Structures are given as structure tokens and as C-alpha cells.
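The following exercises, each with a worked solution, concern helix packing, a chain interface and a nonpolar core. Please inspect the entry below before attempting them.

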Amino acid sequence: MTKQNNSLSLKKTPPIYPVKTKTQITIIFFVILGFYLFSMMYTQREMVGGFGNALGNMGVVIEKFFPPNLKVLPAVWGPMAQTIQMAIIATTAATILTIPLALLSAQNIATFKPLYVFTRTLLNILRTIPDLVLAVIFVGLFGIGLLPGILALFIFSLGILAKLISETIESVDMNPLEAMRASGANVYQVIFFGLVPQVLPQFTSFVLYVFEINIRASVVLGLVGAGGIGLVLDQQLGFYNYPNAMAIIIMIFVVVIVIEYISNKLREALI
Amino acid sequence: MTTYSLPPKPKKSRFKMIKKVTIFLLIIAMYVWTFLGINIDWGRAFERVVNNFHRVIPKLFSPDWSATNDVFWSILETIFIAFAGSLMAAILAIPLGFLAAQNMTGSKILTTAGKWILSAVRAFPDIILAILFVVAVGPNAFAGVLAIAIGSTGMLGKLYSEVIESIDMDVVEAMEANGANKIQILFYGVMPQIIPEFLSYAIYRFEIDIRASSILGIVGAGGIGTMIIFAANNRNWNEMGLILLAIIIVVTIIDFISARIRRKIV
């Protein structure tokens, strides 16, 4: 801080932040720092050689993974395509089923309170379960294959999509709808000309967003046996065939970036 | 008698029509490709479900309480991984966020470079990063911390850069005009505007990281995921039920607390 040697300032300048806030922030800071240090120590307790050794190991890893064996790419294109297809099917199914669910969990549409609370709670619980855990359970149910992966993605994206869209529906301007009803429009007309135009751009944008999430999730579902490229990656890692694994990882990276780019452009065009 | 007629419809431009038709055709093509590519053996799947249903689903709802102790420590480790990882990311993302913000660097090349770095980092799923770090530091929780840290940096950096780009530049300009140096501008002009939102995003990311770190154990990066994969391999669905319950409870509590804190900050 600059010293006040101005003759006009008779009193000491008041501090920018009150003392109470300052102590509070200091305490919070030290609690967070302490918890952080403890976490770091706790998570490193099983590590051989500590942090320094780990950094040294990075060089070894790069040697192991590089150069990637790009010759496997034609062979893994099939599973990669299946992965994308899984995401497409799951997103489509979730999009269709999310409409009734979103309507049920929107406060201004589902005026029957218990129903609204029930759907909301169900969706909240659904969203807490990570996609891979769902995949593990579905693999236990259906065996190894694409179906458990699709189902896991479907359930997972349903939770996110229904929440996002129900929030959009709740923020709809109800006045045009009322005006339409007052001038004699029937229920379908109100929905198609009043509600849909307000919700559609957001809806499409969220669907694309969830599709992106699904693409990213679907590439790893195979690690637990739910089909797609992850299955191949898991096998290659199991054989310690790191150059092949790296080629697959690079492929995943490129596909994710390309799809995200397309979906971003589409979303920008929509809104 | 005057006749009433509807107002004329807006003219449709030919370009837009072509665009719409193309998009429509592309979507159809995509679905044809999808449904031709996927073939699921429904008969076998149905058979499996009938066989497995009573072995899996009821057991998920009758958790094996004897594993409570193990599950408790695992989930605690998961929280530690998420915390250490997201705090690291919250700090790592600050320079990247400034780099990717147009109004701070003032150069188009640097900003584009920053944005590219951030989106490249974002494109890696957390689990893939965890695989790489497990090979690097061995199968332990610290690999998870590193995976979470790098994985979160991409998203946080992007959000940070958006926050920085949206600050009120008039304040900065006024300070510049009064002769403040760069560091003073940073501390008194920029920081007070961005800190609440930075914190809010960091806490939000912590929420996501709790979910992400709970599955990292599947590739050996510590936390409750290790127990998930063992329970699944041993078909120990009672234990899986308990693990699920633990995840649901912890995630719900942390979501609730973090939403509270975030509402207070912003």
C-alpha cells in the first residue's frame, strides 16, 4: 500500500476490508491449505519414491508410449464408429424420453406438488451416480457388449438433460401462452405456437451439449466391458502394448475434438 | 365490407431452405449409418436379464453393511483426491485463464494459443488421463490427483478466461490513467472483480471432481472406484449396493454444501 503523506488526510484511512472479514478469510485460507496438504500427503502415502521420483518417471512414460503405433488405426476404426453410434442412440433415446420427464419436473407445468417433488428427487439421485458405475451394473446384468453401454449413457444423460430442460421450461414467459388461451387457441396451438418456439433453441443446444458429454463418456465405457473403443484400449493396456494404446488415445482425442467443434458450430448457429 | 386477411408470410430465402434440407438429410444419413452399424443380440440380452435380474437388482437394495468401514475409508480417499486435484487445477488454471483472455493479453495469437491449449486439455476424458498417470506414478491415489488436476484445468481455464473477458475495463482504464502500475491494476482493478466468480467456479468444479474421482479407481488410480471394480468382478452386488449408497450420499451432501457456499459468494 502507498503511504499517506498527504497533509489533507487527518484520519487514518479506513481499511478496504473490515477486520472481521480479514480474520475469517485468513482462517478459511489456512483450513483449505491444511486440508490440501493433508490430502496430498494421504494420497501419496502408497507412492514409491515420492513426488520427485514420479516426475522422473514421466520421462520413462513418454518413452513407453511414444512413438504411437499408428498402424493399428484402420483396425480400430470399427470400434470407434460403434462408440459414436452408441452415443448417438443413447442421446436420441434420452432426448425423446426427457420431454415427459422435464414437463413433470417443471414447477409451472406439473402443478401437482408431490409428483413434482418425486420426479425431481428421482432425477437428483440419478445424476449422482457416475456413468461408469451405471455401466458396471449394466454389464453385470446384460453381459459384455454394446447394450449395457447404451443403457448406461441413456440413463446418465436422461438425468442431466431432464434437469436442464425442466429449468428452461420453468423460465418460459407464461404471458404469451395466456394471451393465446384468452384469444381462443386450443391446447395444441398453445403448445406449438407459444411454448415450443420459446424452448426449442435451448432444447437443441442442450441436446448437442449432452451429445458431447456422451461422446466423451462413451469412449471410456469399454474399460468396464460396455463395448466400443474403450474395450480395445483396455485390452492393449492389459498387454502392456503402450504404443498401440497411445495410437488409440490419440484417435479418441481427435474424434472428441472434431465432434465438439461441429457441435459448437451448430450450437452457435442455433442461438 | 372489408375483408380481413392474415399478414403476408415472411419470404423464405432459398439459401436457408437449402441449408435446412442439407442438415435434415445429414441427420437422416447419420441415423441410417447408426442403425446399420449397431447390431444387438436382443434374444441373448433378454435371456441374460431374465437370468441375472434376481441376482443383481434385489442385492443392490440390500447393502452389505459389514463393508462399511472399508467403504468409508475409500470414499474419504475419493474426497481427498477430488479436493487436492481441484485445488491444484484452480491454481493451474489461473495463468492459462489470463492467457486465453483477449482483454488481458491484447494479442490475438496468444489468446488463440491459450484457447487451443485449454480445449486440447478438455478433450481428454479424466479416465484416459488417469491411465497415463497410473503408468507414470504407479497405481495409487496420487495418479488420481494428477488426472483430476489436469482434467479440471481445461474447463476451469475456459471458465476463468470468460470471467476475465467480462470484467469492467473502465476501472482498469481509470487506474491506468491515474498512473497505477501493472501490479496495482492487477490487485486493485482486476482481482476484486474476478475472485468471487473464480471461487464459485472452482467449488463447482470440485463438485464435478467428486463424481469423476469416484470412478478413477477403475483404472487403478485410487478411491472408491477400486472397490467398485473388485465388487463387480466378484459379483458382490451387496457390497456394490453399499458403495452406490455411499456415493449418492456423499455427492448429494457436497452438492448441497457447495451450492450454499456458491450462492453466498456470488
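Helices (H or I, at least four residues) and strands (E, at least two) are DSSP runs, numbered from the N terminus. The model is predicted: local features need pLDDT of at least 70, side-chain atom pairs count only at pLDDT 80 or more, and totals for chains, interfaces and linings use all residues. Residues are numbered from 1 along each chain as its sequence is written, while chains are lettered from A and ligands numbered from 1 in the order in which they are written.

**Exercise 1.** Determine the helix content and end C-alpha separation of residues 132-165 of chain A.

*Solution.* Step 1: the UniProt annotation "transmembrane region" (unreviewed entry) includes residues 84-104 and 132-165 of chain A; such annotations may be inferred rather than shown by experiment, and positions follow the numbering used here, with feature names shortened. Step 2: residues 132-165 of chain A are 91% helix and 0% strand, with end C-alpha atoms 24 Å apart. Step 3: residues 84-104 of chain A are 100% helix and 0% strand, and their end C-alpha atoms lie 30 Å apart.

**Exercise 2.** Establish how the axes of α9 and α11 of chain B are oriented.

*Solution.* Step 1: axes are lines fitted to C-alpha atoms, for helices over the stretch in contact, and angles run from 0 to 180 degrees between N-to-C directions. Step 2: the axes of α9 (residues 182-213) and α11 (residues 237-265) of chain B come within 10 Å and cross at roughly 175 degrees. Step 3: α9(B) and α11(B) are therefore roughly antiparallel (angles over 145 degrees). Step 4: the contact (C-beta atoms, placed from the backbone, within 7 Å) involves residues including B:Leu199 and B:Ile203 of α9(B) and B:Val251 and B:Ile254 of α11(B).

**Exercise 3.** Describe the contact between chains A and B.

*Solution.* Step 1: each side is counted, giving 45 residues from chain A and 45 residues from chain B. Step 2: among the elements of chain A that give two or more residues are α1 (19-43) and α3 (73-104). Step 3: the side of chain A divides into 32 nonpolar, nine polar and four charged residues (nonpolar: Ala, Val, Leu, Ile, Met, Phe, Trp, Tyr, Cys and Pro; charged: Asp, Glu, Lys and Arg; polar: the others, Gly among them).

**Exercise 4.** Identify the neighbours that A:Ala135 touches.

*Solution.* Residues up to four places away in sequence are not counted; A:Ala135 then touches A:Pro148, A:Gly149, A:Ala152, A:Leu221, A:Val224 and A:Ala226.

Key
Angles under 35 degrees count as roughly parallel, over 145 as roughly antiparallel, 65 to 115 as roughly perpendicular and the rest as oblique. Two residues are in contact if their C-beta atoms, placed from the backbone, lie within 7 Å.
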